[in-house]
Number of protein chains: 2
Amino acid sequence: MLSDTLAYFESRRALIVRALDALVPASGPTRESMERIVEFCGRGKMIRGCLAFLGAEAAAEAAAAVGGASAAERGEAIALVAAAMELFQAGLLAHDDIMDRDELRRGAPTVHARYAKEARERMAGGPAAAAEALHVGESLAICLGDFCYFEAFAVLSRALAGNGRQGEIVELCGSGLCEVAVAQMTDVAWGAGKAEIPEGEILSMYRGKTAHYSFSLPLAVGALAAAGAPGMAAASGEAAVVRPLYELGEKLGILFQIRDDELGLFGASESIGKGAGSDLREGKKTLFRSRLLAAAPDRERARLSELFGGGVDARPEDIAYIRRLSEELGVAESIARMSRESEAEALAILGSLAALAPATRATLEGLVEYVTRRDK
Amino acid sequence: MLSDTLAYFESRRALIVRALDALVPASGPTRESMERIVEFCGRGKMIRGCLAFLGAEAAAEAAAAVGGASAAERGEAIALVAAAMELFQAGLLAHDDIMDRDELRRGAPTVHARYAKEARERMAGGPAAAAEALHVGESLAICLGDFCYFEAFAVLSRALAGNGRQGEIVELCGSGLCEVAVAQMTDVAWGAGKAEIPEGEILSMYRGKTAHYSFSLPLAVGALAAAGAPGMAAASGEAAVVRPLYELGEKLGILFQIRDDELGLFGASESIGKGAGSDLREGKKTLFRSRLLAAAPDRERARLSELFGGGVDARPEDIAYIRRLSEELGVAESIARMSRESEAEALAILGSLAALAPATRATLEGLVEYVTRRDK
């Protein structure tokens with residue numbers, strides 16, 4: 001249930017915050033950067049870190065079901081693994097915001113915007129100085145993002161010392177992040193180009209950039225970390241859990257992205273970070289856009305192409321027009337159907353995980369609900 | 001001897017090139033990026049990768065001296081570890097060149113300059129398009145740099161599967177790279193600021209950005225990889241070799257940086273990448289600059305401050321003036337003395353490594369000579 005999931009996330013988030021805080025050294029050359037990173041992480045929902053906990057939970061229960069011993073003091077190591085997931089994400093966001101020229105993130109200035117502001121305050125005025133300050137800000141944000149990645153790998157290795165799956169986990173993170181980096185390059189190229197993107201490529205972007213990285217990876221990493229923990233018997237039954245969790249992550253990611261596209265186009269509650277029409281402004285190549293443009297009759301195409309062409313600040317009547325058209329043409333229903341199918345597949349995978357404890361099952365079911373219906 | 005070292009580097013470089021080539025997949029979403037990266041690596045000297053081989057050599061000889069068995073098929077794993085070192089370096093350079101706005105690197109366009117050129121060719125003309133193409137180029141180069149890091153960690157873990165020191169090596173790389181990222185931030189801040197930097201901080205930058213990362217880290221990583229290889233006896237005598245190699249790396253790094261500053265100021269042979277005066281143009285905060293400004297009498301300070309203030313295209317007579325002044329004021333001699341001391345310390349560390357085979361000793365001695373006297 002959703003309330004179980006929210007309570008679970010809240011409690012695990014507190015453990016991750018504590019683990020991150022403990023990474024800030026009392027002094028030395030990295031102190032200032034680590035403070036900045038931990039403050040930045042602290043403003044996020046920390047879904048990826050919480051998923052690592054959830055993956056560990058599921059693997060430990062699978063192990064108990066086949067008679068494997070659950071390891072003592074697993075919690076502390078998992079909190080560090082989860083912290084590493086959040087450090088990866090912080091690095092990616094610091095870099096993404098440079099590429100998207102975003103000034104705000106999580107209700108505060110983005111990493112490069114904050115560095116640029118600080119540089120501007122140190123410099124004399126003038127437009128040349130402002131451009132130079134922006135370059136300094138972007139340069140420092142590139143370095144800080146790099147620092148996040150390096151620290152994350154160091155933390156991960158340290159947390160997993162003596163863990164039988166250490167190497168496998170580091171490799172999984174490395175290759176999972178490669179997938180994100182390549183997807184991000186595709187995203188930049190799409191943003192710069194005018195060509196329509198085939199639906200298959202859009203879905204493969206959803207899998208690479210959202211599903212595998214944000215859902216499958218942390219679930220699998222958490223599960224492997226629990227399965228390889230010192231004191232865990234060799235027969236941990238992990239094969240029965242890691243693969244299904246990875247596939248569950250795919251479904252969750254698709255559901256999350258479909259909902260994300262909806263929120264980016266139609267907006268939602270006041271609490272939402274992205275306002276209605278923000279995806280139009282960015283010219284984002286979403287599944288919804290692709291299906292609507294494909295289905296639209298010729299007489300609507302000019303207006304739609306302009307609205308979806310990027311750089312447009314859509315008026316409320318534009319948004320209402322898009323919504324009406326998508327309903328008339330059956331696009332809204334075709335996407336809703338896809339969402340219902342993914343939801344059913346996700347629940348079927350959960351059903352196949354026989355060893356899950358009731359609390360973990362309820363949390364995972366609530367997670368499916370959360371990604372499908374969240375309003376922020 | 002220098003000729004031993006050059007021959008050794010040439011032979012190991014060929015193995016690294018082969019290992020990198022094998023990382024390019026025949027197809028798939030990462031093919032294009034990997035091709036670009038491997039081509040970029042292939043234009044470098046691959047010193048860091050060669051140092052990983054040399055560290056492994058030294059550790060294997062130390063192990064043989066205490067009766068530890070040398071592992072079979074160590075070579076292939078070390079080549080991959082060396083390739084990972086070059087991937088880290090490629091990522092750092094791709095990002096550095098954005099920060100320094102460099103258009104050329106290793107005799108060809110930098111990563112972002114090449115992406116920007118390709119984007120410009122796809123776009124319609126105009127100055128706004130050129131600025132947009134540069135932004136696309138920088139964005140793609142940020143992603144490609146990230147990809148290099150992630151791939152490097154994945155390769156490192158895969159190469160070290162079953163290696164007893166795998167976790168320690170990944171952690172060492174993570175924390176060593178953190179040191180570089182923080183040093184790079186300091187470098188950006190120095191470039192943007194006008195304040196004079198105390199000599200102690202300059203030397204600590206030399207250690208963090210050059211010595212530890214470029215010399216100590218690959219030597220230590222190679223040594224640990226050899227010591228932890230499957231089939232290597234537990235008593236590998238590595239304690240007697242990893243620490244001294246790390247310290248040797250510090251001396252090599254200081255020597256390398258002093259020579260680098262000399263080349264960046266006075267230039268050298270035609271083959272050099274950086275021309276005479278290039279450090280003046282960049283306003284680089286070198287040890288030489290710091291000592292010369294501190295020693296200069298008031299009447300010379302205005303001209304010196306202008307020359308060293310950055311953005312200046314120095315004329316040959318300016319370079320000659322700086323050289324003459326540095327000799328008159330004893331600055332040239334004070335730096336040469338520092339170089340001689342570091343060289344003596346490096347050779348003393350080599351002397352303490354009793355188990356080194358004659359060929360490895362000659363290669364390491366030649367390395368000391370190379371970093372001290374290289375002309376490119």
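# Questions about chains A and B

Visitor: Is A:Tyr8 buried or exposed?
Guide: In this predicted model, A:Tyr8 has a relative accessible area of 10%. Buried means under 20% relative accessible area, exposed means over 50%, and partly exposed lies in between, with a 1.4 Å probe and protein chains only. The value for A:Tyr8 is therefore in the class called buried.

Visitor: Good to know it is a prediction. What conventions should I keep in mind for numbering and for side chains?
Guide: Residues are numbered from 1 along each chain as its sequence is written, while chains are lettered from A and ligands numbered from 1 in the order in which they are written. Local features need pLDDT of at least 70 and side-chain atom pairs count only at pLDDT 80 or more, whereas totals for chains, interfaces and linings use all residues; side-chain values use heavy atoms, with hydrogens and water left out.

Visitor: Back to A:Tyr8, then. Which residues does A:Tyr8 contact, leaving aside neighbours within four places in sequence?
Guide: A:Tyr8 belongs to helix H1 of chain A, residues 2–21. Helices (H or I, at least four residues) and strands (E, at least two) are DSSP runs, numbered from the N terminus. A contact is a pair of heavy atoms within 4.5 Å. By that rule, the partners of A:Tyr8 are A:Cys50, A:Phe53, A:Leu54, A:Glu57 and A:Thr363.

Visitor: How many helices and strands does chain A have?
Guide: Helix H1, where A:Tyr8 sits, is one of them. In full, chain A holds 15 helices and 2 strands.

Visitor: What is the radius of gyration of chain A, and what would the globule rule suggest?
Guide: The radius is taken over C-alpha atoms, and the rule is 2.2 Å times the number of residues to the power 0.38. For 376 residues, a compact globule would come out near 21 Å, which agrees with the value for chain A, 22 Å.

Visitor: What share of the residues in chain A is buried?
Guide: The C-alpha trace of chain A spans about 65 × 55 × 30 Å along its principal axes. Of the 376 residues in chain A, the buried share is 57%.

Visitor: How far apart are the mean positions of the positive and negative charges of chain A?
Guide: Lys and Arg count as positive and Asp and Glu as negative, with His and the chain ends not counted. Each charge is placed at NZ of Lys, CZ of Arg, CG of Asp or CD of Glu. Between the 42 positive and 53 negative charges of chain A, the mean positions are separated by 2 Å.

Visitor: Now the two chains together. What area is buried between chain B and chain A?
Guide: The contact takes 42 residues from chain B and 42 residues from chain A. Buried area is the accessible area (1.4 Å probe) that two parts lose on being put together, summed over both. Carbon and sulfur atoms give 75% of the total, which is about 3,800 Å².

Visitor: Which residues of chain B lose the most area to chain A?
Guide: Three residues together give 18% of what the chain B side buries. They are B:His135, B:Phe150 and B:Met185.

Visitor: What is the phi of B:Arg101?
Guide: B:Arg101 is in the loop between helix H4 (74–99) and strand S1 (104–105) of chain B, and its relative accessible area of 46% makes it partly exposed. Most residues other than glycine have a negative phi. For B:Arg101 phi is positive, near 55°.

Visitor: Where in chain B is B:Arg106?
Guide: B:Arg106 also has a positive phi, near 55°. At 26% relative accessibility, B:Arg106 counts as partly exposed. Its place is the loop between S1 and strand S2 (108–109) of chain B.

Visitor: Which residues does B:Gly49 touch, not counting those up to four places away in sequence?
Guide: B:Gly49 lies in helix H3 of chain B, residues 47–65. With 0% relative accessibility, B:Gly49 is buried. Its contacts are B:Ile16, B:Ala82, B:Met85 and B:Glu86.

Visitor: And which residues does B:Glu300 touch under that sequence limit of four places?
Guide: B:Glu300 is part of helix H12 of chain B, residues 298–308. A relative accessible area of 18% puts B:Glu300 among the buried residues. Its partners are B:Tyr321 and B:Leu325.
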